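Morning, everyone. I've got one chain to walk you through today, so let me put it up on the screen.

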Amino acid sequence: MKIIAVECFPLKIKPAEVYLGGPVDDVQDDYYYRPEYRCVYSRKMETCLVKITADDGHVGWGEALAPVIPQVIADIITALFTPLLMGENPFKSQVLNAKMYNSMRDRGHITGYHIDAIAAVDIALWDLKGQILGLPVHQLLGGNFRDGIPCYVSGLPKPTLEERCALAQEWQGKGFHAVKLALGYGVAEDVANVRAVRQAIGPEGDILLDAHWNYSLSEAAELAAALRDYGVRFLEAPLLPEDVAGHAALRQKSAIPIALGETERTRYQFRPFIERQAVDILQPDVGRTGITELMHIASLAETWNLKVAPHLSVGLAPCIAASLQVAAALPNLYLLEFQPPVFALANSLLKTPLVCRMGAYQLPSGPGLGIEVDEQRVREYCEGKVC
C-alpha cells in the first residue's frame with residue numbers, strides 16, 4: 001500500500017453573508033480588519049482541502065482551518081510534505097506526522113501554518129485508512145462513546161440585541177438549548193446581553209460566552225463575578241492567549257469555568273495551561289491539530305479531569321466530519337460547536353449531507369470520515385487552482 005498522489009484545493013467561496021454577519025460586497029477587498037477582535041477576517045469562506053490517493057484507488061480527504069490565505073497551506077503541503085509522503089504507506093501516519101513536524105522544527109515553525117498543514121494531511125490519512133479498512137475513524141480510535149454529538153449554537157449574528165434574543169428563542173424552539181454569545185465589548189454591555197438572552201430563553205437554556213481575548217485580568221474577573229447568577233456555562237478566551245499566568249489567576253477568582261484553546265495546535269502548547277491549572281475546558285480545533293494530536297491533547301486533559309469542547313468555526317466538510325469522529329471517541333467530551341451558516345455551506349461540498357438536529361450532530365456511519373466529497377463541486381470552487 002503506497003501513496004501515489006497528493007492534491008490541494010485552496011478554496012475561496014463567496015457566501016450569502018459574511019461570517020459573523022454583514023453583506024458581501026464584491027468591490028471591497030477580501031480581507032478586512034475587525035478592531036473589536038484585533039484580527040483579520042475574510043469576506044469569503046476560505047479553507048484548504050487536501051486529497052491523498054493510494055495505489056489501490058482509495059482516497060482520503062483532509063482540511064486545514066485556513067480562514068485567511070489558504071494558498072499558504074497548499075504551498076506548504078505541495079512543496080514540503082508531498083515529497084515526504086509519496087511512496088509511503090498511509091498506515092505509517094504517526095511516522096509521517098513526525099517527519100512533517102520535524103521538517104521545519106529547527107526553523108522554529110512549531111505552530112501556525114506549518115502545523116495547520118500537518119493537520120490537513122493527518123485528517124486525510126485517517127480518512128484514507130478508514131476507507132481502505134471499511135471502518136469509520138471513530139472505530140479506529142477505539143470506538144464511540146455516543147451516537148449523537150451534543151452541540152451548542154455558536155453566535156447569534158444579528159445586529160440588534162432584540163433580534164439576537166429572538167434568534168436564540170428560534171433555535172431553542174428547534175431543540176437547541178445551548179447558545180454561545182460572541183461578545184467582549186465591555187463588562188456592562190456583555191452583562192446586558194447575557195441578561196437579555198437569559199430572560200429570552202429561560203432557566204432551561206445554557207449560555208456560553210466568547211470574549212475574544214478582549215479583557216484584562218481585572219476586567220475578566222469583574223465580568224465573571226457579574227455573571228455568577230446567570231448560569232453561564234463557560235467563559236471562552238477572556239485574556240490574550242499568550243497569558244498563561246493571567247488565566248491561572250483568573251481561574252482562581254472565577255466561579256465560571258474558563259475555556260480556551262482554539263489558538264493552540266499541539267499538546268506542548270496546551271500543557272502549561274493544564275499544569276498551571278489555568279483552564280477548565282480545552283478547545284482544540286481539529287483543523288489546527290489534526291485527529292492524532294487532538295486525541296493526545298484530550299488524553300492529557302483527561303489526566304487532569306478536564307473536559308474537551310472542540311472548537312469548530314469556519315472549517316467545512318472534512319473538518320466538521322473529523323470533529324464528529326473525534327468527539328464520538330472522547331470520554332471527556334463537553335460539547336461540540338455548531339455554526340449553522342458554515343454547516344450549510346459545508347454540506348454543499350458533500351454528496352450526502354451531514355445532519356444536525358435537536359441539539360446534536362448525527363454521527364456518520366460510513367468508512368473513514370463518513371462523508372463522500374463532491375470533488376466536482378470542490379474543483380468548481382477552486383476555479384482550477386489545484387496544487
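Let me begin with a question: which residue does E236 form a salt bridge with? The partner is K180, and the closest N and O atoms are 2.7 Å apart. Before I go on, keep in mind that this is a predicted model. In that pair, E236 sits in strand β9 and K180 in strand β7, which covers residues 178-182. So we have a link between distant parts of the chain, 56 residues apart. And are these two buried or exposed? Both E236 and K180 are buried.

Okay, let's stay with β9, since E236 is in that strand. Strand β9 takes in residues 232-236, and four of its five residues are buried, so the strand is mostly covered. On one hand we have β8, residues 206-210, which pairs with β9 in the parallel sense over three bridges. If you want a spot to click on, I207 has V232 in β9 as its bridge partner. To get from β8 to β9 the chain goes through helix α7, residues 217-226, and that β-α-β crossover is right-handed.

Then there's β10, residues 258-260, which also pairs with β9 in the parallel sense, this time over two bridges. Here the residues to click on are L235 and its bridge partner in β10, I258. Helix α8, residues 244-253, joins β9 and β10 in a β-α-β unit, and that one is right-handed too.

Now, a word on annotation. UniProt, in an unreviewed entry, puts the feature "domain: Mandelate racemase/muconate lactonizing enzyme C-terminal" at residues 161-257. In the model, that span is 49% helix and 15% strand. Its end C-alpha atoms lie 25 Å apart.

Back to salt bridges. How many does the structure hold? There are 19, and I'll pick out a few more. Helix α8 comes up again with R251, whose side chain meets that of D280 in a salt bridge at 2.8 Å, N to O. R251 is in α8, while D280 is in the loop between α9 (267-275) and β11 (281-282), so this pair ties together parts that are 29 residues apart in sequence. As for cover, R251 has a relative accessible area of 22%, so we call it partly exposed.

Next up, K99 and E88. They form a salt bridge with the closest N and O atoms 3.5 Å apart. K99 belongs to helix α2 and E88 to the loop between α1 and α2, eleven residues apart. Why do we label E88 buried? Because its relative accessibility is 16%, and the cut-off for buried is under 20%. K99, at 36%, counts as partly exposed.

There's also a network: E7, K51, E375 and R379 are linked by salt bridges.

Last stop is the surface. That loop between α1 (71-85) and α2 (93-105) also carries F91. F91 is partly exposed, with a relative accessible area of 36%. Which residues join F91 in a nonpolar patch on the surface? They are M1, L133 and L135, and together the four have about 340 Å² of accessible area.

That's my tour, so over to you for questions.

Notes
Residues numbered from 1 in each chain as written. Predicted model: local features only at pLDDT ≥ 70, side-chain atom pairs only at ≥ 80, totals over all residues. Heavy atoms only, no water. Patch = residues over 30% accessible without salt bridge, like charges linked within 9 Å, V, L, I, M, F, W, Y side chains within 5 Å. Areas by Shrake-Rupley, 256 points an atom, 1.4 Å probe, with all protein chains shown as cover. Buried < 20%, exposed > 50% of the residue type's maximum accessible area, 1.4 Å probe, protein only. Pairing = 2+ DSSP bridges. Right-handed = clockwise from strand over helix to strand, strands pointing away. UniProt positions renumbered as here; feature names shortened; annotations may be inferred.
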